[in-house]
Amino acid sequence: MKAIAQDEGSFREAARALLAQGVRPESVAWQDGPQLSLALDGPPPSASPPGASGVVRVPKAFAALLEKMVCHRDPTRWDLLYRVLYRLAHGERDLLQQPLDPDVRRLELMQKAIARDVRHVHAFVRFRLVGEAYLAWHRPEHRVLRLAAPFFATRFPGMKWSIVTPDESSHSDGNTLRYGEGAPRPEGEDAFEDLWRTYYSSIFNPSRLNLPLLAQKLPMHHRDTLPEARLIPLLARNAGRRVDRMLRPEAGAAAPFLPRDRSLASLAEAARGCTACPLCEPATQTVFGEGPGTAKLVLVGEQPGDQEDRGGRPFIGPAGDVLDDALKKAGIVRGEIYLTNAVKHFKFEPRGKLRLHQRPSARDVAACRPWVEAELLTLQPRAVVALGATAGQALLGPGFKLGPFRGKPQEGTLVPVIIPTWHPAAILRAGLAAQAQQMREELIADLRTALARSRAA
Ligand code: SF4
C-alpha cells in the first residue's frame, strides 16, 4: 500500500484513514507528495481497527511534534510518524515518555535539527531595503519558514518585509503575515551587502576568534547567503596581528573615540563607548571624572578600583575614604573640585571571586591619555594633583618617578602646575602605621599646596 503526504493536513488525513482500516506500519510505503494531496492505493487491509468505534485518540504531545516534524526534509519521516502513531493507538500510550525507544530517539534528534534550523533562520537572515520593503533570501536546511517567520513579525511590528526561500516565502505588510511560493536565489549583490560587511568588520573581535566554534555556529551551507561570510578567511588571517595591537595598544589609541563637542557631559558620554584597549572588556563600565565644570583644582588618580568599577564613580572605595579625609583636613570641599583617573577602566586579575587590582602599564596609560587631556583642556584648571606615579606618568611623561618629585610643584604642558603626591591606596598599603601616618600628613600638605595654587590669580 502506498500513501502520499506533503504536509501536516495530508498526513493526518492519510494516517486517519489507514488507522481506521487497521493498516500496520510495515504495510505502508510513504512518499513525499508533490502536491497537497493524499493518495492511497493498494487493496484494503484485513486487520481490525484499533478501537471498537474506530476512533483514534492521540496524545497532545504527538500533535505538537507533528507540526515540527513535517518540516524535516528526511523522506522517511512519514514512516516514522505513522509507526509512532500506530504504536500510540495500539496500547503504547506512554511511548513518547520512553526516551530510549529507537523511534522516540529518532523523533527527538529530528526535532532538535528543526529547532536548530529555526535558530539559524533567526540568526542568518539578512534583509536588504528594496523600495519600501525589506527583502531577504535564505536557504534553510529544512522547510522551517512557517516556524521561523512569526519571530520577525513580532520583532519588526509595522515593518514591510519578505523572506523568500526555495520552498516558500513569507510576507508581512506590517500587520498580517502571509505565505506564498518560494523562489531561487536572486543574482547579484548591492550596496546593502557592502554595508553589512563594513559593519561586520567593525564588530569583529579577533581576540574571540574560535574557528572550530565558528564552523559549528555558521554552517557551510549558509555561508554563500551571508555577506560577511566572505570576510571571515581574511579577518581570520589578520586576527593575530589585530590581537597583538589590542594587547599592546598604541599611544593615543582613545583619540578616535573623542567627540567633537568637548563639554564634560559629551566627553563622559563618549568615553562610555571607548573600546580602544582591552581593559574595557572585563571591566563593568567606564569610570569617567566627576565634578563641576568650573573646578579650578583637579585631582588625577591611577584607575578605578573594584568599587569604583561597580559604582561608576571615581574614589568611592576604601582609597576614596582616605582621600575624603585628607581633603577635609586640607580644607577642600570635594564637590568643588574635579576628580578623575589616568586610566578609565579597571584593570584587574580575576582570582576566584576576587578581582585583584593590577597596575596599568605605560601602554595602558598612553592609550587612555586622550581622555584625561581632553578633561584638562575643557576644565582649564589652575592646579592639578597627580595622585601616585601612574598619574604622574600620564601628566608628566613615562619617565616620571614619584620619589624625587613628591610635593614639588611641576610645570605642566596642559596646566600651569602639577603637584605629585601619594595615591591614597598607597597609604592603605603602607606596612607600618607610622609610615602610613607620615604619608597621610604629606598628602594633606600637598593638597593644601595645590589648593593655594588653584586660588592664586
Ligand atoms: S582604558 Fe581608556 S583607552 Fe582603554 S578602553 Fe578604557 S577608556 Fe578606552
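Trainee: Which residue of strand 6 is the bridge partner of A136?

Mentor: The partner of A136 in strand 6 is I163. Residues are numbered from 1 along each chain as its sequence is written. The model is predicted: local features need pLDDT of at least 70, side-chain atom pairs count only at pLDDT 80 or more, and totals for chains, interfaces and linings use all residues.

Trainee: Why are strand 5 and strand 6 said to pair?

Mentor: Pairing requires that DSSP finds at least two bridges between two strands. Strand 5 (residues 133–137) and strand 6 (residues 160–164) have four bridges, in the parallel sense, and therefore they pair. Strands themselves are DSSP runs (E, at least two residues), and helices are runs of H or I with at least four residues, numbered from the N terminus.

Trainee: What makes strand 4 and strand 8 edge strands?

Mentor: The open sheet has the order 4-5-6-7-8, with mixed pairing. Strand 4 (128–130) and strand 8 (177–181) each pair on one side only.

Trainee: How do you know that strand 14 and strand 15 pair?

Mentor: Two bridges join strand 14 to strand 15 (residues 417–421), so the requirement is met. These strands run antiparallel, and E411 of the one stands opposite V417 in strand 15. Both belong to an open sheet in the order 10-9-13-15-14, where strand 10 (338–341) and strand 14 (410–411) are the edges.

Trainee: Which helix lies across strand 13, and at what angle?

Mentor: Helix 14 (residues 389–396) runs at about 135 degrees to strand 13 (383–387). Such angles run from 0 to 180 degrees between N-to-C directions, with axes fitted to C-alpha atoms, for helices over the stretch in contact (C-beta atoms, placed from the backbone, within 7 Å).

Conventions: Two residues are in contact if their C-beta atoms, placed from the backbone, lie within 7 Å.
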